[in-house]
Amino acid sequence: MGKYDALGVFLRRWRIRNDSQGVELSFVQIEGIINALLPNAAAEPEWWCADAGTDRRAPHRRVWLEAGFDAIAEPRDERVYFRIRRST
């Protein structure tokens with residue numbers, strides 16, 4: 001199991017149990033879920049971005065993308081909003 005896999009499990013379970021469009025988590029909450037510290041790079045919005053110019057296979061991005069979420073980060077506030085991805 002990879003470092004970020006627990007976040008994917010959390011998001012999948014959250015999606016089953018909730019009707020809202022997403023969930024906001026603080027960096028501290030995410031660190032509790034993964035049982036590890038986030039890297040310093042998490043303080044940059046690009047670390048959370050999964051657009052065409054980024055590696056969508058990176059372990060930290062892969063878990064929320066595979067769980068069906070996009071990440072919208074507010075690194076200055078140390079918060080991330082995981083929004084359910086729309087079907088295309």
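## What counts as an aromatic pair

Two rings of Phe, Tyr or Trp (for Trp, its six-membered ring) form a pair if their centres lie within 6.5 Å. Keep that idea in mind as you explore this structure, which is a predicted model. With this definition in hand, we can look at a group of rings: Tyr-4, Phe-27, Trp-47, Trp-48, Trp-64 and Phe-82 form one aromatic cluster. In total, the structure holds 8 aromatic pairs.

## The overall fold

Let's step back and look at the whole chain. The protein chain has 4 helices and 3 strands. Reading from the N terminus, the order of these elements is α-β-α-α-α-β-β. The radius of gyration is 12 Å, close to the 12 Å that the globule rule gives for 88 residues, so the chain is as compact as a globular protein of that length. If you follow the C-alpha trace along its principal axes, it spans about 30 × 30 × 30 Å.

How much of the chain is buried? Buried residues account for 38% of the 88 residues. On the outside, the chain exposes about 5700 Å², and carbon and sulfur atoms supply 47% of that area. Contacts tell us about the fold too: among those with a separation of 6 or more, 53% are between residues 24 or more positions apart.

## The nonpolar core

In soluble globular proteins, nonpolar side chains tend to be buried together. Here, the largest nonpolar core has 24 residues, and the members that touch the most others are Leu-7, Leu-38, Trp-48, Trp-64 and Phe-82. Which elements supply at least two residues each to this core? They are α1, β1 (22-26), α2 (27-34), α3 (45-48), α4 (59-66), β2 and β3 (79-84).

Leu-38 is a good residue to click on. Setting aside its neighbours within four places in sequence, Leu-38 is in contact with Tyr-4, Phe-27, Ile-30, Glu-31, Trp-47 and Trp-48. Several of these names should be familiar, since Tyr-4, Phe-27, Trp-47 and Trp-48 also belong to the aromatic cluster.

## Two aromatic pairs up close

Now for a pair that bridges the sequence. Trp-14 and Phe-69 are an edge-to-face aromatic pair, with 6.2 Å from centre to centre and 65° between the planes. These partners link distant parts of the chain: Trp-14 sits in helix α1 (residues 5-17) and Phe-69 in strand β2 (residues 69-74), 55 residues apart. Are these two rings buried or exposed? Trp-14 has a relative accessible area of 12%, so it is buried, and Phe-69 is buried as well, at 0%. Phe-69 has another companion: Arg-15 lies over the face of its ring, at 5.9 Å from the ring centre.

A second pair joins Trp-47 and Trp-48. Why is this pair called edge-to-face? The ring centres are 4.6 Å apart and the planes meet at 80°, so the pair fits that description, because planes over 60 degrees apart count as edge-to-face. Trp-47 is buried, with a relative accessible area of 10%, and Trp-48 is buried too, at 1%.

## Some residues in loops and a strand

Two residues catch the eye for their backbone. Asn-35 is not a glycine, yet it has a positive phi of about 55°. You will find Asn-35 in the loop between α2 and α3, where its relative accessibility of 70% makes it exposed. Glu-78 also has a positive phi of about 55° without being a glycine. Glu-78 belongs to the loop between β2 and β3 and is partly exposed, with a relative accessible area of 43%.

Glu-78 leads us on to Ser-26, a residue of strand β1. Apart from neighbours within four places in sequence, Ser-26 is in contact with Glu-78 and Arg-79. Ser-26 counts as buried because its relative accessibility is 13%, and buried means under 20%.

Finally, visit Asp-55, in the loop between α3 and α4. At 38% relative accessibility, Asp-55 is partly exposed. How far is the C-alpha atom of Asp-55 from that of Val-28? The two C-alpha atoms are separated by 24 Å, and the residues are 27 apart along the chain.

Definitions and conventions: Residues are numbered from 1 along each chain as its sequence is written. Side-chain values use heavy atoms; hydrogens and water are left out. Rings of Phe, Tyr and Trp (its six-membered ring) pair if their centres lie within 6.5 Å; planes under 30 degrees apart count as stacked, over 60 as edge-to-face and the rest as tilted. Buried means under 20% relative accessible area, exposed over 50%, partly exposed in between (1.4 Å probe, protein chains only). A charge sits over a ring if NZ of Lys or CZ of Arg is within 6 Å of the ring centre and within 35 degrees of the ring normal. The radius of gyration is taken over C-alpha atoms; the globule rule is 2.2 Å times the number of residues to the power 0.38. Contact means heavy atoms within 4.5 Å. Accessible areas come from the Shrake-Rupley method with a 1.4 Å probe; for residues, only the protein chains shown count as cover. A nonpolar core is a set of buried Ala, Val, Leu, Ile, Met, Phe, Trp, Tyr and Cys residues joined through side-chain atoms within 4.5 Å.
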